[in-house]
Amino acid sequence: MKKLLLTAVAAAVFTPAFAAGTVVAEWDFTKEQLTSTRYTLNKRGEAKFVKDEKSGKLALSPCTVGKNHGKGCGLTLKGDPRKELLPMDGFEVQTRIRYKDPAAGRIKGANMYIFDGAYASKNGAALLLHITGRGEFAVRIIYGDGTKLNQQIVMAPVLGDGEWHDLALKYADDQITLTIDGKVAKTILPARPLTDSTVRFTVGDRVAAGYQPFPGLIEYIKIIKF
């Protein structure tokens, strides 16, 4: 009995405690929702809600061009609650996207922002759909630790099939996890802890301007903090 008790105590001591997440904001673009709790997203440029031919539902179309656009697109956060919305002591951004090659052909070499909270800074985080120079599909993860921005490219050929896919970027317990369609695609152990974003949160484009916006469709954005 004493041995069993000691085992139970040891388990209680050495098993890490994972805090349950709290939903900070959840924007459902199938309902043209731009305000969630106290957070409001503003349209800019070509951003609009369109009916998706696959699902028959509405979805956000941030921009029609994914490279060399030169104008701001997508949605940008109203006001300045940066740290509260995307806290770098633990967060997860979940989304559902669909990308279809444009009529003019695949945009090779593109880095198309799904969400951004790291533009031109040494902190924060961003998630991009990346198409290599050879036309291969990947995800680019950007994250800052206060000294520099770091990047990781994760090959993801499934994102080029023109279907809907679920993505989630999570940072908790000093670990970054990229999940695609419910399966872990990449785990990153940063050398330094991530630091809070100093730029405004944006969906479908970079914060500052329309360098390479996302020309696909986005069904929702959900942010959880830990």
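Buried here means under 20% relative accessible area, exposed means over 50%, and partly exposed is anything in between, with a 1.4 Å probe and protein chains only. You're looking at a predicted model, where local features need pLDDT of at least 70, side-chain atom pairs count only at pLDDT 80 or more, and totals for chains, interfaces and linings use all residues. Residues are numbered from 1 along each chain as its sequence is written, and side-chain values use heavy atoms, with hydrogens and water left out.

**Stop 1: a salt bridge with unlike ends**

Select glutamate 53, which is exposed at 57% relative accessibility. Now add arginine 98, which is buried at 6%. Their side chains meet in a salt bridge, 3.9 Å from N to O. The term covers a side-chain nitrogen of Lys or Arg within 4 Å of a carboxyl oxygen of Asp or Glu. Glutamate 53 sits in the loop between S4 and strand S5 (58–61), while arginine 98 belongs to strand S7 (residues 91–98), so this pair links distant parts of the chain, 45 residues apart. Strands (E, at least two residues) and helices (H or I, at least four) are DSSP runs, numbered from the N terminus.

**Stop 2: more charged pairs**

How many salt bridges are there by this rule? The count comes to 9. For another one, select aspartate 166 and arginine 96, whose side chains meet at 2.8 Å, N to O. Because aspartate 166 is in strand S12 (residues 164–172) and arginine 96 in strand S7, the pair ties together parts that are 70 residues apart in sequence. Aspartate 166 is partly exposed at 28%, and arginine 96 is partly exposed at 25%.

Next, pick glutamate 136 and arginine 134: their closest N and O atoms are 3.4 Å apart, in a salt bridge. Glutamate 136 is partly exposed at 32% relative accessibility, whereas arginine 134 is exposed at 69%. Then head back to the first stop and widen the selection to Asp52, Glu53, Arg98 and Lys100, which are joined into one network by salt bridges that share partners.

**Stop 3: the rings**

Time for the aromatics. A search of the whole structure turns up 6 aromatic pairs. Rings of Phe, Tyr and Trp (its six-membered ring) pair if their centres lie within 6.5 Å; planes under 30 degrees apart are stacked, over 60 edge-to-face, and the rest tilted.

Show tryptophan 27 with phenylalanine 201: the ring centres are 6.5 Å apart and the planes at 20°, so this pair is stacked. Tryptophan 27 comes from strand S1 (residues 22–28) and phenylalanine 201 from the loop between strand S14 (183–188) and strand S15 (202–203), so the pair ties together parts 174 residues apart in sequence. Both residues are buried.

Now move to phenylalanine 29 and phenylalanine 49, a tilted pair at 6.1 Å centre to centre with 40° between the planes. Phenylalanine 29 is in the loop between S1 and strand S2 (35–36) and phenylalanine 49 is in strand S4 (residues 48–51), so parts 20 residues apart in sequence are tied together here. Phenylalanine 29 is buried at 0% relative accessible area, and phenylalanine 49 is buried at 14%.

Before leaving, select Trp27, Phe115 and Phe201 together: they form one aromatic cluster.

**Last stop: threonine 177**

Find strand S13 (residues 175–180) and click on threonine 177. Is threonine 177 buried or exposed? At 13% relative accessibility, threonine 177 counts as buried. Which residues is threonine 177 in contact with, leaving aside its neighbours within four places in sequence? They are Ala168, Leu169, Lys170, Val184, Lys186 and Thr187, where contact means heavy atoms within 4.5 Å.
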